[in-house]
Amino acid sequence: QVQIRESGGGLVQAGASLRLSCVALGPTISINNIGWYRQGPGKERELVARISNTGYTYYSDSVKGRFTISRDGDKNAADLQMNSLNAEDTGTYYCNSVPPLPSATGRGDYWGQGTQVTVSS
């Protein structure tokens, strides 16, 4: 089972920036599309940014113009630069394939621990 490790979260004030990083460890696989997902308090998990192994990017409307996703070629790692953070960006951020990797149990999707981002207004 591939393990995904996210890091870089924290508590910041509105208007600040954070940079999240993730890396996929374990059996050698090639993740074509890497995404950053966010789950806010009481909300469903949503995809906020995605990058392909050729550099194609996608952003949700809520983060477009403020967040930038990047990866080093086709490596199984990606960063998310988050600028002009606001309270609506608060949540747990997860990195995963798009679509998400399957769980080793065969039931549902695999998710790492995520990294918490809290923006105070």
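Colleague: How far apart are the closest N and O atoms where Asp89 forms a salt bridge with Arg38?

Modeller: The model is a predicted one. In general, a salt bridge is read from the distance between a side-chain nitrogen of Lys or Arg and a carboxyl oxygen of Asp or Glu, which must be within 4 Å. In this case the closest N and O atoms of Asp89 and Arg38 are 2.9 Å apart.

Colleague: Which parts does that pair tie together?

Modeller: Asp89 belongs to the loop between β8 (77–82) and β9, while Arg38 belongs to strand β4 (residues 33–39), so the salt bridge links parts that are 51 residues apart in sequence.

Colleague: Are Asp89 and Arg38 buried or exposed?

Modeller: A residue is called buried if its relative accessible area is under 20%. Asp89 has a value of 1%, so it is buried. Arg38 is also buried, because its relative accessible area is 5%.

Colleague: With which further residue does Asp89 form a salt bridge, the closest N and O atoms being 2.7 Å apart?

Modeller: That residue is Arg66. Arg66 lies in the loop between β6 and β7 and Asp89 in the loop between β8 and β9, so this pair joins parts that are 23 residues apart in sequence. Arg66 has a relative accessibility of 16% and therefore counts as buried.

Colleague: Which residues are joined into one network by salt bridges that share partners?

Modeller: The network consists of Arg38, Glu46, Arg66 and Asp89. How many salt bridges does the structure hold? It holds seven. Another of them brings together the side chains of Asp72 and Lys75, at 3.1 Å from N to O. Asp72 is exposed, since its relative accessible area is 51%.

Colleague: With which side chains does the side chain of Arg38 make a polar contact?

Modeller: A polar contact is likewise read from a distance, here between N or O atoms. The side chain of Arg38 makes one with the side chain of Ser62, at 3.3 Å, and another with that of Tyr93, at 3.1 Å. If neighbours within four places in sequence are set aside, the residues in contact with Arg38 include Glu44, Val48, Val63, Phe67 and Thr92.

Colleague: I should now like to turn to the sheets. In what order do the four strands of the open antiparallel sheet stand?

Modeller: Strands of a sheet pair through backbone hydrogen bonds, and the pairing may be parallel or antiparallel. In this structure, the four-stranded open sheet follows the order β1-β3-β8-β7. Its edge strands, each paired on one side only, are β1 (3–7) and β7 (67–70). From one strand to the next, the twist averages 15°.

Colleague: Over how many bridges do β1 and strand β3 pair?

Modeller: The two strands pair over five bridges, in the antiparallel sense, with β3 covering residues 18–25. As an example of residues that face one another, Ile4 stands opposite Ala24 in β3.

Colleague: What is the order of the open sheet of six strands?

Modeller: The order is β2-β10-β9-β4-β5-β6, and the pairing in this sheet is mixed. The edge strands here are β2 (10–13) and β6 (57–59), each of which pairs on one side only. The twist averages 20° from one strand to the next.

Colleague: How many bridges join strand β9 to strand β10?

Modeller: Three bridges join β9 (residues 91–97) to β10 (residues 115–120), and the two strands run antiparallel. Gly91 has Val117 in β10 as its bridge partner. This sheet also includes β4, the strand in which Arg38 has its place.

Terms used: Residues are numbered from 1 along each chain as its sequence is written. This is a predicted model: local features need pLDDT of at least 70, side-chain atom pairs count only at pLDDT 80 or more; totals for chains, interfaces and linings use all residues. Side-chain values use heavy atoms; hydrogens and water are left out. Two strands pair if DSSP finds at least two bridges between them. Axes are lines fitted to C-alpha atoms, for helices over the stretch in contact, and angles run from 0 to 180 degrees between N-to-C directions. Buried means under 20% relative accessible area, exposed over 50%, partly exposed in between (1.4 Å probe, protein chains only). A polar contact is a pair of N or O atoms within 3.5 Å; within protein, one must be able to donate a hydrogen and the other to accept it, and residues adjacent in sequence count only if both atoms are side-chain atoms. Contact means heavy atoms within 4.5 Å.
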